[in-house]
Amino acid sequence: MTPLEPARPEDLERFLSGWERREAPPPPGVYVAAAGYQRRLVEEYCARYHLIYLVAVYDRDGACRDLYRCCQAPPPAEAPSRCFIFGDVEWREELAERCRVETYLYRFGDIREALKTLLEFGMHVRGIPCTDFSIDVLNATGWCEVDPVCCDVSAVKERIIESAARRRASPAAQHAPSGVDGRITEGAPSGGGEAAGGGSEAGGAGGGGCDALVRRVAEAVGAEGLDRLKSCLCRRQT
Amino acid sequence: MPQADLIDSLLEACRRREVAEAHRRLCALLLMYRNLPGRGAVYLRPTAYRVPVQRLLKDIAGLTGEDKRVLMQKLMRAVGEAVAELRREVGGAPSAENLRRALLRRLLEELRRLA
């Protein structure tokens, strides 16, 4: 990840109220988002803005007095790290010469809560796409269930392939509106083909086992049977 | 999911003729993402993606010359639409990183729609 533009001050203020602020680089910890480094962009950014780091300190029993120092202590047995960091760029010593830096720390008694907070900040305040976050963080926070495409696209990929194959096999799709060759018809209204694909996918998903049924029908009775099944599904949807 | 895996896995699906035909927008966005420049400012224009689209068509088995021409036209139209949307969002010459994020957001939106 590389900084592009600073977060809006009002967003920062709202999100970070109650966090402990330090004018220091982030302590050691685990970064929750992919931390790329594009030197030129970082330099350009640092010439104008502060680098900001959020550090969620996991302190289950409230024993940490100095949150910053606690990050330097070995992690507890039940956690991969004591400190989890979200920042525009992974901190390096060389940045100390060029960049002003602010680190915000907050104590969390629950790792999941800590990670969720950083995830929220990254996605909603900084506009980072979910796939930029580490898969472990997405899993731990339950985000994979909320938005599955962030974690695994294999199910979507299967659906895409199935629906495309169905559309190709289905005579109805091929002899649609203009009555010309299906290949051409599909492309006629831009995006129309995709919308139709999405529609049939919705039917498949909602039908619980419809996809398998469609496959079986396609294998057993070919295009005509498939067409009849499609009509059935359409009736169910309306 | 690591982005490289996500993109590769879906691009593999776009190498099927029926998928490239039925999900042109998705395939166009994937191709654009796969062919992002590494750094610096990007001049955002559809023709920059002509060669990647041609390469994809080469990988699709069983296409006649006419099929290729038709599919090329459809995919380039999808690329053109995506470029127009992105220009509205990030401007005509965004930084590579800005463009990457905007493209990724659209890609995820499209996947959510299809899921």
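These legends go with several views of a predicted model holding chain A and chain B.

**View 1. Chain B is built from helices.** Let's begin with the fold of chain B, which has six helices and zero strands. Read from the N terminus, its elements follow the order α-α-α-α-α-α. Chain B has a radius of gyration of 14 Å, close to the 13 Å given by the globule rule for 115 residues, so it is as compact as a globular protein of that length. If you would like a sense of scale, a box of roughly 40 × 30 × 25 Å along the principal axes holds the C-alpha atoms of chain B.

**View 2. Helix α3 of chain B is largely enclosed.** Here we look at residues 24-34 of chain B, which form helix α3. Ten of these eleven residues are buried, so the helix is largely enclosed by the rest of the structure. Which residues of α3(B) are buried? They are R24(B), R25(B), L26(B), C27(B), A28(B), L29(B), L30(B), L31(B), M32(B) and Y33(B). When you trace the side chains, it helps to remember that an α-helix has 3.6 residues a turn, so residues three or four places apart point the same way.

**View 3. The inside and outside of chain B.** Of the 115 residues in chain B, 57% are buried. Among the contacts in chain B with a separation of 6 or more, 70% come from residues 24 or more positions apart. On the outside, chain B exposes about 4,900 Å², with carbon and sulfur atoms supplying 48% of that area. Chain B also carries 23 positive and 14 negative charges, and the mean positions of the two sets lie 5 Å apart.

**View 4. Chain A combines helices and strands.** Turning to the partner in the model, chain A contains twelve helices and five strands. Buried residues account for 48% of its 238 residues. How much of the contact set with a separation of 6 or more in chain A comes from residues 24 or more positions apart? The share is 78%. Chain A exposes about 12,000 Å², and carbon and sulfur atoms supply 50% of this area.

**View 5. Confidence along chain A.** Please keep the confidence values in view for this close-up: the mean pLDDT of chain A is 77, and 67% of its residues reach 70 or more. Over residues 175-208 of chain A the pLDDT is below 50, and this stretch has 59 contacts in the model beyond near neighbours in sequence.

Methods:
Residues are numbered from 1 along each chain as its sequence is written. Chains are lettered from A and ligands numbered from 1 in the order in which they are written. This is a predicted model: local features need pLDDT of at least 70, side-chain atom pairs count only at pLDDT 80 or more; totals for chains, interfaces and linings use all residues. Side-chain values use heavy atoms; hydrogens and water are left out. Helices (H or I, at least four residues) and strands (E, at least two) are DSSP runs, numbered from the N terminus. The radius of gyration is taken over C-alpha atoms; the globule rule is 2.2 Å times the number of residues to the power 0.38. Buried means under 20% relative accessible area, exposed over 50%, partly exposed in between (1.4 Å probe, protein chains only). Contact means heavy atoms within 4.5 Å. Accessible areas come from the Shrake-Rupley method with a 1.4 Å probe; for residues, only the protein chains shown count as cover. Lys and Arg count as positive and Asp and Glu as negative; His and the chain ends are not counted. The place of a charge is taken as NZ of Lys, CZ of Arg, CG of Asp or CD of Glu. pLDDT is the predictor's confidence in each residue, from 0 to 100.
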